[in-house]
Amino acid sequence: MQLITQVNIDKPSWQLSHSTPVVTIGSCFAVEIGRRMLDRLYDIDINPAGTLFNPASVAATLDRILDGRLYGSDELVEDHAHIRHLMSHHSEFSSADPAEVLDRANSRLLRAAGMLRDDNAVLMVTLGSARAFRYIATGEIVGNCHKLPASEFELTDLTLEDITTDWHRLITRLARENPSLRIILTVSPVRHKAYGLVADRLSKSTLIMACHRIMAMHPDRVAYFPAYEIFTDELRDYRFYAADMVHPSEVGADYVYERFAETYLADRQDLDRRCLALTRRLRHRTINSRDMEFEAATSRLAEELASLSPRIATAIQRLKEEKQ
């Protein structure tokens, strides 16, 4: 008995592997997918500027990464609590210490720039909203308002033409700088109910149309993964949402990731399971001598997996350093 209406996903002509460098950028749903790939020991850089929602800010961040132009102190904005912010970045980069803000932002910029130029790199973009805020002081669309006074911003709705023109130019540039780069576009299922549900649905519709236009312009480089459609059609139930009734629950995000894995990681399922098992083992904290056998088995599994790929070896080393 078929109890859901399943979204059909065209089989891509290429697959991701543990030798594929991946950069995710965009909304918090980019973090959900990225975190699950990181747990399976993929070489992935998740949101190098933190959570970004609108396509103009995402495109501007990617341009800045390709330029390799570091952020400077003249770009910092100070709030009433003397916290410094970059208007292009999420507040996770903010700090009372300006040097700390710039060091975080610039180290992430340089890392993402290197990965995007690697052979066979994949860029995963998750767009959240076509509504954006323009910072009146500079006239630029910002990635985050950082709870500054609303009077300092102007709300704007990005049009289909705005988005497709900007992204056609950006993807042409990305292709020129890395001819082997592949791009996956997706629209976040997270609803922006503060805008009103009707306005949010109009916004999502604009993003979906833009993604398909962009894909039609670059059919050999750009694919579309229907995360929004899967969540709103296959998971048509509030039990798949978190307590705020807006963000996906862990179960809901797991389901969408499984559909993503079926599409782009179909040949890696057994290896993914082994990598995930190792990640869980490495995050386990031993407390007595009876765990010595567990540690020995973990070390053996780590050595086996590290021998399969230098990128897996790097991911394992990173996890070991986090545990110390």
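## A tour around helix H1 and its sheet

Begin with what packs over the buried residues of helix H1: the cover includes strands E1 (22-26), E2 (44-46) and E5 (122-127), together with helices H6 (227-234), H7 (250-264) and H8 (269-282). As you explore, keep in mind that this is a predicted model.

**Stop 1: helix H1.** Select residues 28-39. The twelve residues of H1 should span 16 Å at 1.5 Å a residue, and the C-alpha atoms at its ends are 17 Å apart, which agrees. Which residues of H1 are buried? Colour Phe29, Ala30, Ile33, Gly34, Arg36, Met37 and Asp39 to find them. Looking at their numbering, a helix rule is handy: an α-helix has 3.6 residues a turn, so residues three or four places apart point the same way. Now step just past H1 to Leu41, where the backbone takes a positive phi of about 65°.

**Stop 2: from the helix to the sheet.** Keep H1 on screen and add E1, E2 and E5. H1 lies across these three strands, and runs at about 150° to E2. Next, show the whole open sheet, whose five strands come in the order E2-E1-E5-E9-E10 with parallel pairing. E2 and E10 (222-224) are at the edges with a single partner strand each, so one side of each has no neighbour in the sheet. Turn the view and compare neighbouring strands: on average they are turned by 20° against each other, direction ignored.

**Stop 3: strand E9.** Select residues 182-187. Is E9 mostly covered or mostly open? It is mostly covered, with five of its six residues buried. How many bridges join E5 to E9? There are six, and the two strands run parallel. To see one such pair of facing residues, pick Thr126, which stands opposite Thr186 in E9. On the way to the sheet's edge, E9 pairs with E10, also in the parallel sense, over three bridges. Here Ile183 faces Val222 in E10, and Leu185 has Tyr224 as its bridge partner.

**Stop 4: helices H2 and H3.** Finally, select residues 55-67 (H2) and 98-116 (H3). Their axes come within 8 Å and cross at roughly 80°. The two helices are therefore roughly perpendicular to each other. Show side chains where they meet: Leu62, Arg64 and Ile65 from H2, against Leu109, Ala112, Ala113 and Leu116 from H3. Sorted by class, this contact has six nonpolar residues, one charged and no polar ones.

Key: Residues are numbered from 1 along each chain as its sequence is written. This is a predicted model: local features need pLDDT of at least 70, side-chain atom pairs count only at pLDDT 80 or more; totals for chains, interfaces and linings use all residues. Side-chain values use heavy atoms; hydrogens and water are left out. Axes are lines fitted to C-alpha atoms, for helices over the stretch in contact, and angles run from 0 to 180 degrees between N-to-C directions. Helices (H or I, at least four residues) and strands (E, at least two) are DSSP runs, numbered from the N terminus. Angles under 35 degrees count as roughly parallel, over 145 as roughly antiparallel, 65 to 115 as roughly perpendicular and the rest as oblique. Contact means heavy atoms within 4.5 Å. Ala, Val, Leu, Ile, Met, Phe, Trp, Tyr, Cys and Pro count as nonpolar, Asp, Glu, Lys and Arg as charged, and the others, Gly among them, as polar. The expected span of a helix is 1.5 Å times one less than its number of residues. Buried means under 20% relative accessible area, exposed over 50%, partly exposed in between (1.4 Å probe, protein chains only). Two strands pair if DSSP finds at least two bridges between them.
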